[in-house]
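Here are some friendly notes to read alongside the structure. Keep the view open and look up each residue as you reach it.

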Amino acid sequence: MDENYQEVYFDKYCKTCKHEKMEEKFDPCNECLSEPVNAGSHVPVNWEDQGK
């Protein structure tokens with residue numbers, strides 16, 4: 001099975017994530033930054049909408 005891996009667009013999604021103010025060394029940000037590609041999506045693995 002061939003997966004369609006895509007580059008994660010941190011510059012687009014991190015600023016809209018509810019974890020934006022969290023330091024990068026803490027989870028879930030650290031986990032996101034350690035995975036620069038994602039299967040079938042440009043969205044970081046732990047991205048959550050701020051709900052504004």
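1. Let's begin with Q6, which sits in strand β1, residues 5-7. Please keep in mind throughout that this is a predicted model.

2. Is Q6 buried or exposed? Its relative accessibility is 18%, so Q6 counts as buried, because buried means under 20%.

3. Which residues does Q6 touch, leaving aside those up to four places away in sequence? The contacts of Q6 are P36, V37, N38, G40, S41 and H42. Try finding each of them in the view.

4. Next, the charged pairs. Side chains of opposite charge can pair when their charged atoms come close. The count here is 1 salt bridge. K18 and E48 form it through their side chains, with 3.2 Å from N to O.

5. Where do these two partners lie? K18 is in the loop between α1 (10-13) and α2 (29-33), while E48 belongs to the segment after β2 (37-39). The pair is 30 residues apart and links distant parts of the chain. E48 has 35% relative accessibility, so it counts as partly exposed.

6. Now the cysteines. How many disulfides does a search of the whole structure find? The result is 0. Why is there no bond between C17 and C29? The sulfur of C17 has its closest cysteine sulfur in C29, but the distance is 6.4 Å, too far for a bond. A disulfide needs the sulfur atoms within 2.5 Å.

7. One last look at these cysteines: C17 counts as buried, at 8% relative accessibility. C29 also counts as buried, with a value of 14%.

Definitions and conventions
Residues numbered from 1 in each chain as written. Predicted model: local features only at pLDDT ≥ 70, side-chain atom pairs only at ≥ 80, totals over all residues. Heavy atoms only, no water. Salt bridge = Lys/Arg side-chain N within 4 Å of Asp/Glu carboxyl O. Helix = DSSP H or I, 4+ residues; strand = E, 2+ residues; numbered from the N terminus. Buried < 20%, exposed > 50% of the residue type's maximum accessible area, 1.4 Å probe, protein only. Contact = heavy atoms within 4.5 Å.
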